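Hi everyone, thanks for making time today. Please bring up the sequence and the structure on your screens, and we'll walk through them together.

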Amino acid sequence: MSLDVSPELLSDAENGRIREADFVSTVRTSLPYAYDLIAGLTVELRENDIEFADNQTPPPSERERGQLLRALASDAIRGSLERHFGVTLAFMNCHRVAVFRPQDQGGTTHTRFTSLRSQILNQSPEFRDC
C-alpha cells in the first residue's frame, strides 16, 4: 500500500469530496522521504540561480527508495506534489529526481534532462536492481 489513508479521508473519497491539501498531507505522512526530498529540492531551486535542482544521492535504504518510486509512479501523487510545491518533476533511474520551474518544462534543459540520450548516459550497473 502506498498511502496510509485515514478513515476521514476514505469517507471523503467515498462521498466524492477530497481536498487536495488533505491528500498532500497524507502523502507527506505516508511517504516522508519522497516528500522531504522534493521539498528540499524545491527550496534549493527557489533560493539559487539555477535551471533545476536534482538529487543524485541514492536513498539510505530500499524503504526510502520504495517511497520515492511510489510517489513518482502515481499520476495522482506526482501531480499533487507538483501543484503543492509549484514545480515540474522529472525522474530518472531509481533516485534522480529533479525539480524545474513549470515555465521551463519543455525548454532546452528540461528536454535534455528527460531525453532518451540522457537516460542512456545515466545508466550504471548499480541501478539494475532498483
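Let's begin with T114, which counts as partly exposed in this predicted model, at 44% relative accessibility. That value sits in the partly exposed class because buried means under 20% and exposed means over 50%. You'll find T114 in the loop between α6, residues 108-113, and α7, residues 116-121. For a sense of distance, pair T114 with S6: they are 108 residues apart in sequence and 35 Å apart in space, C-alpha to C-alpha.

Now for a contrast, please find T42. Is T42 buried or exposed? T42 is buried, with a relative accessible area of 1%. This threonine is placed in helix α3. Its side chain reaches the backbone oxygen of I38 at 2.8 Å. Leaving aside residues up to four places away in sequence, T42 touches F85, V87 and V99.

Let's stay with α3 for a moment. The helix has 16 residues and reaches 22 Å from its first C-alpha to its last, close to the 22 Å expected at 1.5 Å a residue. T42 has buried company here: Y33, A34, Y35, L37, I38, L41 and L45 of α3 are buried too. What covers them? The cover over the buried residues of α3 includes the helices α2, α4 and α5, along with the strands β1, β2 and β3.

Those strands are our next stop. They make an open sheet of 3 strands, in the order β1-β3-β2, with antiparallel pairing. At the edges are β1, residues 52-54, and β2, residues 88-92, each pairing on one side only. On average, neighbouring strands of this sheet are turned by 20° against each other, ignoring direction. As general background, strands of a sheet pair through backbone hydrogen bonds, either parallel or antiparallel.

How many bridges join β2 to β3? There are 5, and these two strands run antiparallel, with β3 covering residues 96-100. If you'd like one pair to look at, T88 has F100 in β3 as its bridge partner. Helix α3, residues 32-47, packs on the sheet and touches β1, β2 and β3, and its direction makes about 45° with that of β3. Another helix, α4, residues 62-73, lies across β2 and β3, running at about 125° to β2.

On to the inside. In soluble globular proteins, nonpolar side chains tend to be buried together. Here, the largest nonpolar core has 23 residues, and those with the most contacts inside it are I77, L81, L89, V97 and V99. Two or more residues each come from α2 (20-30), α3, α4, α5 (75-85) and β3. Which element gives the most to this core? That is α3, with 7 residues. Apart from this core lies another one, of 5 residues, among them A90, M92, A98 and F113.

Let me finish with α5. Its buried residues are I77, G79, S80, L81 and F85. What covers them includes α2, α3, α4 and β2. L81 is a good one to click on: not counting residues up to four places away in sequence, L81 touches V27, Y35, I38, A71, G86 and L89. And G86, which follows α5, has a positive phi, near 70°.

That's my tour, so please go ahead with questions.

Terms used. Residues are numbered from 1 along each chain as its sequence is written. This is a predicted model: local features need pLDDT of at least 70, side-chain atom pairs count only at pLDDT 80 or more; totals for chains, interfaces and linings use all residues. Side-chain values use heavy atoms; hydrogens and water are left out. Two strands pair if DSSP finds at least two bridges between them. Helices (H or I, at least four residues) and strands (E, at least two) are DSSP runs, numbered from the N terminus. Axes are lines fitted to C-alpha atoms, for helices over the stretch in contact, and angles run from 0 to 180 degrees between N-to-C directions. Contact means heavy atoms within 4.5 Å. Buried means under 20% relative accessible area, exposed over 50%, partly exposed in between (1.4 Å probe, protein chains only). A polar contact is a pair of N or O atoms within 3.5 Å; within protein, one must be able to donate a hydrogen and the other to accept it, and residues adjacent in sequence count only if both atoms are side-chain atoms. A nonpolar core is a set of buried Ala, Val, Leu, Ile, Met, Phe, Trp, Tyr and Cys residues joined through side-chain atoms within 4.5 Å. The expected span of a helix is 1.5 Å times one less than its number of residues.
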